[in-house]
Amino acid sequence: MEKSLIVFVFLLFYCSAFAGISTKKQDILKLIGTTDAPNGKFAWVEINGEDYGWTREGRNVGKYRIVMVEMGKVKLELFGRIVELKML
């Protein structure tokens, strides 16, 4: 009886400790458009509902930096981590 109670308490703790509940806020990124103009490559990105309009490759969009712009695809960098956005 005592062993089954110990196993039950252990399983309860283990399952609740690793339930995957994240308290870290995640950004909602949305790619609206890309363009390749004679004066550079531009991307139109929306982060958490805030619209940044047409921003040139190499510039910052919020806390992200636009690393690469291709037609329908943008790579953003945040603290060395690369995030790739694609248009639907």
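## The β5–β6 hairpin

Two residues lie between β5 and β6 in their hairpin, where Gly72 takes a positive phi near 80°. Strands here are DSSP runs of E of at least two residues, numbered from the N terminus. The model is predicted, so local features need pLDDT of at least 70 and side-chain atom pairs count only at pLDDT 80 or more, while totals for chains, interfaces and linings use all residues. Residues are numbered from 1 along each chain as its sequence is written, and side-chain values use heavy atoms, with hydrogens and water left out.

β5 and β6 run antiparallel and are joined by five bridges. Arg65 has Glu77 in β6 as its bridge partner.

## The four-stranded sheet

The hairpin belongs to an open, antiparallel sheet of four strands in the order β4-β5-β6-β7. Two strands count as paired if DSSP finds at least two bridges between them. The edge strands, each pairing on one side only, are β4 (60-61) and β7 (81-86).

β4 pairs with β5 (residues 64-70) in the antiparallel sense over two bridges, and Val61 stands opposite Tyr64 in β5. On the other side of the order, β6 and β7 pair antiparallel over six bridges, with Val74 opposite Leu85 in β7. β6 and β7 also form a hairpin with two residues between them, and Phe79 in that turn has a positive phi of about 55°.

## The faces of β6 and the nonpolar core

In a regular strand the side chains alternate between the two faces of the sheet. Along β6, Val74, Leu76 and Leu78 point to one face and are buried, whereas Lys73, Lys75 and Glu77 point to the other and are not. Buried means under 20% relative accessible area, exposed over 50%, and partly exposed in between (1.4 Å probe, protein chains only).

The largest nonpolar core has 13 residues, of which Ala43, Val45, Tyr64, Ile66, Val74, Leu76 and Leu85 touch the most other members. β2 (40-47), β5, β6 (73-78) and β7 each supply at least two residues of this core. Such a core is a set of buried Ala, Val, Leu, Ile, Met, Phe, Trp, Tyr and Cys residues joined through side-chain atoms within 4.5 Å.

Leaving aside neighbours within four places in sequence, Ile66 is in contact (heavy atoms within 4.5 Å) with residues including Ala43, Val61, Val74 and Leu76.

## Thr34 and Ile32 in β1

Thr34 lies in strand β1 (residues 29-37) and is buried, with a relative accessible area of 12%. A polar atom of the Thr34 side chain lies 3.5 Å from the backbone oxygen of Glu70, and one lies 2.9 Å from the backbone nitrogen of Gly72. Not counting residues up to four places away in sequence, Thr34 touches, among others, Phe42, Trp54, Val69 and Met87.

Ile32 lies in β1 as well, but Ile32 is partly exposed at 33% relative accessible area. Neighbours within four places aside, Ile32 is in contact with Trp44, Glu46, Asp51 and Met87. Ile32 and Lys86 are 54 residues apart in sequence and 9.2 Å apart in space, C-alpha to C-alpha.

## Thr55 in β3

Thr55 is placed in strand β3 (residues 50-56) and counts as buried at 12% relative accessibility. The Thr55 side chain reaches the backbone oxygen of Tyr52 at 3.3 Å. Among the residues that Thr55 touches, not counting those up to four places away in sequence, are Ala43, Val61 and Ile66.

How values were computed:
A polar contact is a pair of N or O atoms within 3.5 Å; within protein, one must be able to donate a hydrogen and the other to accept it, and residues adjacent in sequence count only if both atoms are side-chain atoms.
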